[in-house]
Amino acid sequence: MLWRSVFLKTLREGRVAVLGWGIGMGLMVMAVEASVGSVMGAPGAKQALQSITESFRWAADPVAVTTVGGYATWKLAFTVLMVAIWPIIAATRVLRGAEERGTMDVLLSVPRGRLRVALESVAAIWVNLLAMALLTSLLAYAGGLASNAGFSLADALMFGLNLALACGVFGSLALLIGQFTPQARTASGAAGGLLFVAIVLDMLHRIVPGTTWLSALSPVYYFNLSKPLVPSFGSSPVGLAVLAGASLVLSGAAIALFVRRDVGLGVRMPWSARQPAKRVGAASALAAQSGDWSLRSIYLRAIAAIVAPTLWWTLAVASFAAFTMLATKQMGDQFQQLIQDSPPMRLMLAALGGGAAEVSAQLLSALFIFLPLLVMVFAVTQAGRWAGDEEEGRHDLILATPNSRSRLLLARYSAIATAAVFIAAVTLGVVIAAAAATGLALNAANLVAATLLLVPQCLLMAAIGYLAAGWLGPALESGLLSFLLAFWFFLSFVAPELGWSPVLQKLSAFFYYGTPVTHGVALGNLVIVLGASVLALVLAVLRFRRKDIGRTFG
């Protein structure tokens, strides 16, 4: 029965993601709600919390943060938007991905029109996304009941709806971009980058006065207009309507383009009109290709394949690093005064940024923790590319030549390592320039450490991704790695507030990144990350050497 329609088939394919993301994010919300008692239990803690949330206003507007719902809304801020990763990947796979795999030709070979295929695919994604949001809402409500939060089931359901609509915008955007790109991975990468840009754009008006009009271009701005877990604030009809309208327009435009364009090709733009193909002899074609540097080795070919995404991710990471420097400068003086006036706040900031270091370094250290998150997301995309190439048979072409499986995997991994070094080096240059431009007095050696330590974090996630690809297809692998990132984030920034054992924090890769802006390099942690990377890579090589190419679960 599940295979009788495109809708049911697509619905079935998302069942694991619905359970994983829905329950996982719901448990995270519950954990934050449960942590409120320990956060505000000490004398003067409420005043300190209000002060620190005001200073971290750049992340999210602090509204009723001394309540369970208000604190959860502020604490999770843009973290809940990690759910958007799934609709971005799913939306690019159902149309553009199906064209790449050749399954779209099979679907259209039966009496079933393009419009019906597209509508059923998109409808299934939305049903799965709403089911995911429903699970999150129910768990958030259960956590609220246990913590005497005071919000109703209707409020929790509106929280889930707001989240689904916001994530749906980026899924619809990915669907639209996929009509112009030749590959699904390009569309998902572009949409993921726009998600990051949208988050930063929303932050802008809370840092630079007079830029609300610019932040209003971001879907995240309208997501934050609603705070349903805060009964006194509620949901914004305007925000919900804008998100729903944007999703409808973007999805409608994508479907309209899909119905009219050639299957397997992108939308032809006026400036990209095709020139008549010239006949070229075999000898001439081979001679022309012999000068292509990327064809000289597997490693160079892998480098050529990731040049474009590396440049985009470098721009994203370096821009965010510069943004953190600007934010630190803007809030530094105000933060200094707040810390002097509130001893409890000094303790809370020390837990985030470390010790009695200078205030700017403490704040920058708290912000810099998002840099390893970004480079690990880059590693997730590249691990997904590896799994996707296996699914689409690209590995077979290389392995048909005198190249071993081990050499293929290590060459691809080396290309990611090279990209990680490039991203870290450019980011370092931007950070040094931004520090000089803003006049921040920071330890230069620690800044170098904070940026270069991004490389081991990227290598660890890439190695884990290659290992997971030994058993999982690209969709499940990317979902699993994304969920792992969310779990690590939970262990580092939520679990301590619940009073969980500090030993559990050592299960998170963020723990081993540490606070290099204030404390420099912890050699022991660096050795552990590199050792774990080598172990995962060795296991990935062994698995790849023994497996049947193309046989995966999901």
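This passage walks through a predicted model, moving from the whole chain to two of its helices and then to a few side chains.

The protein chain is built from helices and loops without any strands: its secondary structure comes to 27 helices and 0 strands. Of its 554 residues, 51% count as buried. The accessible surface of the chain comes to about 24,100 Å², and carbon and sulfur atoms account for 67% of that area. Contacts across the sequence are also informative. Among those between residues at least 6 apart in sequence, 76% join residues at least 24 apart.

Two helices give a helpful first look at the fold. Helix α20 covers residues 405-438, and its 34 residues should span 50 Å at 1.5 Å a residue. The C-alpha atoms at its ends are 49 Å apart, which agrees with that expectation. Just after α20 comes Gly439, whose phi is positive, near 80°. Helix α22, made of the 15 residues 454-468, can be checked in the same way: the expected span is 21 Å, and the end C-alpha atoms are 21 Å apart, so the two values agree. As for its surroundings, 13 of the 15 residues of α22 are buried, and therefore this helix is largely enclosed by the rest of the structure.

Charged side chains offer a closer view. The model holds 8 salt bridges, and three of them are described here. In the first, the side chains of Glu99 and Arg96 meet at 3.4 Å, N to O. Both residues belong to helix α5 (residues 85-101), where they are 3 residues apart, about one turn of the helix. Arg96 has a relative accessible area of 2%, so it counts as buried. Glu99 is buried too, because its relative accessibility is 9%, under the 20% cut-off.

What else does Glu99 form a salt bridge with? The second partner is Arg261, with the closest N and O atoms 2.5 Å apart. Glu99 lies in helix α5, whereas Arg261 lies in the loop between α12 (237-260) and α13 (282-290), so this pair ties together parts that are 162 residues apart in sequence. Arg261 counts as buried because its relative accessibility is 6%.

The third salt bridge links Arg206 with Asp202, whose closest N and O atoms are 2.9 Å apart. Arg206 is buried, with a relative accessible area of 12%, and Asp202 is buried at 3% relative accessibility. Elsewhere, salt bridges that share partners join Arg96, Glu99 and Arg261 into one network.

The last stop is His205, placed in the loop between α9 (184-204) and α10 (212-215). Is His205 buried or exposed? Its relative accessibility is 19%, and the cut-off for buried is under 20%, so His205 counts as buried. The side chain of His205 makes a polar contact with the side chain of Ser215 at 3.1 Å. When neighbours within four places in sequence are left aside, His205 is in contact with Thr211, Thr212, Ser215 and Tyr221. Ser215 thus appears both as a polar partner of His205 and in this list of contacts.

Methods: Residues numbered from 1 in each chain as written. Predicted model: local features only at pLDDT ≥ 70, side-chain atom pairs only at ≥ 80, totals over all residues. Heavy atoms only, no water. Helix = DSSP H or I, 4+ residues; strand = E, 2+ residues; numbered from the N terminus. Buried < 20%, exposed > 50% of the residue type's maximum accessible area, 1.4 Å probe, protein only. Polar contact = N/O pair within 3.5 Å; in protein donor to acceptor, adjacent residues only side chain to side chain. Contact = heavy atoms within 4.5 Å. Salt bridge = Lys/Arg side-chain N within 4 Å of Asp/Glu carboxyl O. Areas by Shrake-Rupley, 256 points an atom, 1.4 Å probe, with all protein chains shown as cover. Expected span 1.5 Å × (residues − 1).
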